[in-house]
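Reader: I'd like to learn how to read a structure like this one. Could you walk me through it?

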Amino acid sequence: MFGYLLKRLIQMTLVLWVVSVIVFLMMSFTGDPVFMVVPIDATDAEIAQARRLLGLDQSLLVQYGKFLTSLVQGDFGNSYVFRQPAMTLILERMPATVEMVLVAMALAIVVAIPLGVYAGANPNSRISRVIMAGSLLGISLPGFWVGMVLIYLFAVHWGVFPSSGRGDTAEFLGLRISLLTWDGWHHIMLPAITLSLGTMAILLRMTRAGMMEVGRQDFMKFARAKGATRRDVLYKHGLKNALIPVVTIFGLQLGDLIAFATITETIFSWPGMGKLLIDSIYRADRPVIVVYLMLVALIFVVINFIVDIVYTLIDPRITLK
Amino acid sequence: MTRQIKSKPLLAVQDLHTHFHTFAGTVKAVNGVSFEVGAGEVMGLVGESGGGKSVVGFSILGLIDSPGKIEGGQILLDGQDLVSAGENRLRQVRGREISMVFQDPMTSLNPLHTVGRQMDEVLCLHSDLDAAARKQACIDMLESVGISRAEERLKAYPHQFSGGMRQRVVIAIAMLARPRLIIADEPTTALDVTIQSQILKLMRQQIADKGASMILITHDLAVVSEMADHITVLYCGNVVERGKTRELIETPTHPYTRGLIDSIPDTAERHDRLKQIPGSVPDIRNLPKGCNFKDRCPRAQALCAEREPTLTAQHGSLWAACHFPLKPGELA
């Protein structure tokens, strides 16, 4: 177990290092951030000085060396625009994104698993066909359109949910959290629903496919021959066996939503980190983009690690080696 | 071995029809099968692959899934019909009154649950025992099917057992709630020959200990002839012959039964080639008029193509569905 952890840790570090190289190169070949910092009427001398201050006058290798050293030391530099540590900027906005994503994922699971199990167990029923048609819509409808429709219906037409912002937040461990207030819950529903539909549809289809596969197995019939209820056969014997691909997709989707909830955040003016990323890209605010991408890489690596551990909890035949 | 046969059988299957409605047409997998199993009896259900044997077993437990359906007949357990019984009644029957052992022990256990949990499930469903008593019952049962260190093994997963051991576990699960009837569907087909006889011995001992009855479904006449009191031979979803094991094996009257017996390899006499029944099972979506076996039968005559034979009494305990049955001593 210890050997496995060590191996995984080295692997994860390696992945993050490769990402750092890619991020660095990408940043170096796209745009010149100097013009974002200097005034429009700056002289050549001023530009050169700004370049020197930002360390952009040195060779790529030296720049990368400095970049990597400061990354390892946890110093991600200051935002060119906000003149604040880039990390602080992102961490301030992260709780908003994470809580929206968590609500979205919870919604996706609560809806997708039972419907997927039902559709997998009764593939020919009319209800299953409706469910599957719905899931196809969930996959193919773009988030920005769904978001706008939801705003029109629930915010404008019926006025049940607010259309934008985060509402009241409460402080918990120094983080500002919406889920601790009723108003926050009110505000989070529409964006979370918008964000969850795609994942919901994918998880539903994975669950259904898995259940159809498992349904043909002898042990399902054997469980029924023991006298187990249909519900127990489906959920206790079937679902667990169908879960490995579902967990895989769940992990990938979780990372994906945290990293790229940008569109939903923009539509609902949700003050999360996705919106910060888009703003930073427009302003070529390199330190913020770099920290963001590194953080996203870290999130994916950690989620994948957790998913691998969850596999072993589901299936005793899978061991950590 | 003589067993007392009660007037009222434990299980009576009467004119059972189980059909599968597929795109390619209706498959009449079981088409008018009747037989009885008395308390403590072992009945062998014999036939070729695709003869509808397993479907009979699943029909008894009400485990026929769409597109299959029991289209007619009765399955009487103690005189109570199971075909018309609801799911709740059937769940009480399954595992408690009638349990089943499947063909392939590699796939009949849930790979993600411990053996203990899979055994415990039966007792949770069918007994009022508390957790400690259930555990003890599972340990006792595992030991009685010849698994040592049973308490430890309860925590093991199926993949940690060999095929023969898994079939022992399956049998243990089937016997756990002390059912009165076990349906064993080719219980040894997937196992090594050396393990086969061990498992058969175990099953015989288990049902004798507990006074249970058994329906042994198999294509292997050698196996049933050792185990069964009665044999029912199925062909194309119909009973073609039935009777007491000894008479049926020694002096069969239906040419199909004769063919099955002749195709058992005989170690005493050396044949250059194994005997076989010529031809193959007809397409059961599209059964011919008259006798289903006529195209493969050495005794077929014009009448066989016109009229389907019905079960009629032959010598001794035998009943056969044949227009021209074999007389004792006569070869096909």
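What follows is a talk about sheets, interfaces and a few backbone details.

Reader: What kind of model am I looking at?

Author: This is a predicted model. Keep that in mind as we go.

Reader: Let's take domains. How is chain A divided?

Author: Chain A splits into domain 1, residues 2–72, and domain 2, residues 86–314. The C-alpha centres of those two domains of chain A are 33 Å apart.

Reader: And how do I describe the size of the surface where two parts meet?

Author: Interface size is often quoted as the accessible area lost when the parts come together. For domain 1 and domain 2 of chain A, about 1400 Å² is buried between them, with 80% of it on carbon and sulfur atoms. In residues, 19 from domain 1 of chain A are in contact with 15 from domain 2 of chain A.

Reader: How many salt bridges are there between domain 1 and domain 2 of chain A?

Author: The count is 1 salt bridge. Look for Asp308(A) and Arg8(A), which form a salt bridge with their closest N and O atoms 2.4 Å apart. As for polar contacts, the count between the two domains of chain A is 1 residue pair, with both residues at pLDDT 80 or more.

Reader: Which elements of domain 1 of chain A give two or more residues to the side that touches domain 2?

Author: Those are helix 1 (2–29) and helix 4 (60–72) of chain A. Helix 1 of chain A provides the largest share of that side of domain 1, with 12 residues.

Reader: Now the two chains. What does the interface of chain A and chain B look like in numbers?

Author: Here 18 residues of chain A are in contact with 29 residues of chain B. The buried area between the chains is about 2300 Å², and carbon and sulfur atoms give 59% of it.

Reader: How many salt bridges and polar contacts cross between chain A and chain B?

Author: There are 2 salt bridges across that interface. One of them to look up is Lys226(A) with Glu121(B), where the closest N and O atoms are 2.8 Å apart. The polar contacts come to 14 residue pairs, both residues of a pair being at pLDDT 80 or more. On the chain A side, helix 9 (218–225) and helix 10 (230–259) each give two or more residues to the surface that touches chain B. Helix 9 of chain A gives the most, with 6 residues.

Reader: On to sheets. What should I know about strands before I start tracing them?

Author: In a regular strand, side chains alternate between the two faces of the sheet. Now try an example: chain B has an open sheet of 4 strands in the order 2-1-4-5, with antiparallel pairing. Its edges are strand 2 (25–37) and strand 5 (80–81) of chain B, each pairing on one side only.

Reader: How do the strands of that sheet connect to each other?

Author: Go pair by pair. Strand 1 (residues 11–22) and strand 2 of chain B are antiparallel over 9 bridges, and Thr18(B) has Val30(B) as its bridge partner in strand 2. Helix 1 (residues 53–60) of chain B packs on this sheet, touching strands 1, 2 and 4 of chain B, and its direction makes about 110 degrees with that of strand 1. Strand 1 of chain B also runs antiparallel to strand 4 of chain B, joined by 8 bridges, with His19(B) opposite Lys69(B).

Reader: What about the other side of strand 4?

Author: There, 2 bridges join strand 4 of chain B to strand 5 of chain B, again antiparallel. Leu76(B) stands opposite Asp81(B) in strand 5. These two strands of chain B form a hairpin with 2 residues between them, and Asp78(B) in the turn has a positive phi of about 55 degrees.

Reader: Is there a second sheet worth tracing, and if so, which strands are its edges?Author: Chain B also has an open sheet of 8 strands, ordered 6-7-8-3-9-10-12-11, with mixed pairing. Strand 6 (98–101) and strand 11 (312–313) of chain B are its edges. Further in, strand 10 (residues 238–244) and strand 12 (residues 319–320) of chain B run antiparallel, joined by 2 bridges, and Arg242(B) stands opposite Trp319(B). Helix 11 (residues 255–262) of chain B packs on that sheet, touching strand 3 (42–46), strand 9 (230–235) and strand 10 of chain B.

Reader: Which backbone details should I look up last?

Author: Check the peptide bond from Ser66(B) to Pro67(B), which is cis, with omega near 10 degrees. Pro67(B) lies in the loop between helix 1 and strand 4 of chain B. Then go to Arg149(B), a residue other than glycine with a positive phi, near 45 degrees. Arg149(B) is in the loop between helix 5 (131–144) and helix 6 (150–153) of chain B.

Terms used:
Residues are numbered from 1 along each chain as its sequence is written. Chains are lettered from A and ligands numbered from 1 in the order in which they are written. This is a predicted model: local features need pLDDT of at least 70, side-chain atom pairs count only at pLDDT 80 or more; totals for chains, interfaces and linings use all residues. Side-chain values use heavy atoms; hydrogens and water are left out. Two strands pair if DSSP finds at least two bridges between them. Contact means heavy atoms within 4.5 Å. Axes are lines fitted to C-alpha atoms, for helices over the stretch in contact, and angles run from 0 to 180 degrees between N-to-C directions. Domain bounds come from an automatic or database domain assignment. Buried area is the accessible area (1.4 Å probe) that two parts lose on being put together, summed over both. A salt bridge is a side-chain nitrogen of Lys or Arg within 4 Å of a carboxyl oxygen of Asp or Glu. A polar contact is a pair of N or O atoms within 3.5 Å; within protein, one must be able to donate a hydrogen and the other to accept it, and residues adjacent in sequence count only if both atoms are side-chain atoms.
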